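Reader: Hi! Could you walk me through this one? I'd like to start with the ligand and then wander a bit.

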Amino acid sequence: MKPLCIDLCCGSGGWTAGFMAEDYDVIGFDIEPLAAYPAQLVLQDVRTLIGSQFARATVIVASPPCEQFSRHAMPWTRKRNPPEPDLTIVEACWRIAREAGVPMIVENVRAAQAWLGTARAHVGPFYLWGDVPAILPVVIPERKKESFGSKQRLERARVPLELARYIARTFRPESKENAA
Ligand SMILES: C[S@@+](CC[C@H](N)C(=O)[O-])C[C@H]1O[C@@H](n2cnc3c(N)ncnc32)[C@H](O)[C@@H]1O
């Protein structure tokens, strides 16, 4: 049986593509249907998930929406006094991993540190919390066009393949990086 990865708030599937390339089965959860998503997609608000159903997973990855954190980092939106970010999605992700008893990596933007605490590491603009490997690859994300359309936003938020593949390898049960 292949190792299983659960991708919460999977978007267009950056994490998913990397884990699939490393021969994992992946199930993604999102509230938006994306035709190009490469694995089994469940359309469900992650806040309604019970984590214990994922006890057989090897790892859970989560990329909760970042817009509300980013608004506090950009001077032109900060000066409009944006509301405090809604943490219910991030908190649900941590709860799910706890209930599953499975390691988790949460990915988000630098500005999220003000609410989530200092990230364990970052690879370019991708900040990581949770069970992050001690050593990470240097990945230079492809420069995406600055544009605020929702398609471009999703593209910019897509986890780079190289980073996702590297992390997938570190969690494989037979991985040397994982050996005691
Ligand atoms: C930052 S994007 C994910 C990017 C993704 N990791 C990738 O590589 O493409 C955040 C995603 O969270 C989804 N989302 C927002 N609220 C959600 C919720 N309550 N439950 C599940 N997914 C949600 C959005 O639809 C969006 O696709």
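Author: Happy to. One cut-off first: a polar contact is a pair of N or O atoms within 3.5 Å. By that rule, a backbone N or O atom of Val 159 makes such a contact, at 2.9 Å from an oxygen atom of the ligand. Keep in mind that this is a predicted model.

Reader: Which ligand atom does the backbone of Val 46 approach, and at what distance?

Author: A nitrogen atom of the ligand, with a backbone N or O atom of Val 46 at 3.0 Å. The backbone of Gly 13 also takes part: one of its N or O atoms is 3.4 Å from a ligand oxygen atom.

Reader: How much of the ligand does the protein bury?

Author: The protein buries 91% of the 610 Å² that the ligand exposes when taken alone. The ligand is surrounded by 21 residues, and the closest are Gly 14, Asp 30, Asp 45, Val 46 and Val 159. Helix H6 (150–157) and H1 each supply at least two residues of that shell.

Reader: Let's stay with H1. Why is it described as largely enclosed?

Author: Because six of its eight residues are buried, H1 is largely enclosed by the rest of the structure. The buried ones are Gly 14, Trp 15, Thr 16, Ala 17, Gly 18 and Phe 19.

Reader: What covers those buried residues of H1?

Author: The cover includes strand S1 (4–8), S2, S4, S5, S7 and H7.

Reader: And H7, what do its buried residues pack against?

Author: They pack against helix H1 (14–21), S4, strand S5 (104–108), strand S6 (121–123) and strand S7 (126–130). H7 covers residues 161–171, and its buried residues include Leu 163, Tyr 166, Ile 167 and Phe 171.

Reader: Changing topic: how many aromatic pairs are there?

Author: There are four aromatic pairs, counting rings whose centres lie within 6.5 Å. In one of them, the rings of Phe 29 and Phe 54 have centres 5.5 Å apart and planes at 65°, so that pair is edge-to-face. Phe 29 is in strand S2 (residues 25–30) and Phe 54 is in the loop between strand S3 (40–43) and strand S4 (59–62), so the pair ties together parts 25 residues apart in sequence.

Reader: Are Phe 29 and Phe 54 buried or exposed?

Author: Both Phe 29 and Phe 54 are buried.

Reader: Which residues form the aromatic cluster?

Author: Trp 15, Phe 19 and Tyr 24 form one. Arg 172 lies over the face of Tyr 24, 5.7 Å from the ring centre.

Reader: What about Glu 107: where is it, and is it buried or exposed?

Author: Glu 107 sits in strand S5. Glu 107 is buried, with a relative accessible area of 7%. Its side chain is joined to that of Ser 63 by a polar contact of 2.7 Å. Glu 107 also touches several other residues, including Trp 15, Tyr 127, Trp 129 and Val 159.

Reader: Last one: what is the phi of Cys 9?

Author: Phi of Cys 9 is near 60°, a positive value in a residue other than glycine. Cys 9 lies in the loop between S1 and H1, and it is buried at 15% relative accessible area. Asp 23 likewise has a positive phi, about 70°, although it is not a glycine. Asp 23 belongs to the loop between H1 and S2 and is partly exposed, at 39%.

Methods
Residues numbered from 1 in each chain as written. Predicted model: local features only at pLDDT ≥ 70, side-chain atom pairs only at ≥ 80, totals over all residues. Heavy atoms only, no water. Phe/Tyr/Trp six-rings, centres within 6.5 Å; stacked < 30°, edge-to-face > 60°. Helix = DSSP H or I, 4+ residues; strand = E, 2+ residues; numbered from the N terminus. Buried < 20%, exposed > 50% of the residue type's maximum accessible area, 1.4 Å probe, protein only. Lys NZ or Arg CZ within 6 Å of the ring centre and 35° of its normal. Contact = heavy atoms within 4.5 Å. Near = heavy atom within 4 Å. Polar contact = N/O pair within 3.5 Å; in protein donor to acceptor, adjacent residues only side chain to side chain. Areas by Shrake-Rupley, 256 points an atom, 1.4 Å probe, with all protein chains shown as cover. Lists of a residue's contacts leave out its neighbours within four places in sequence.
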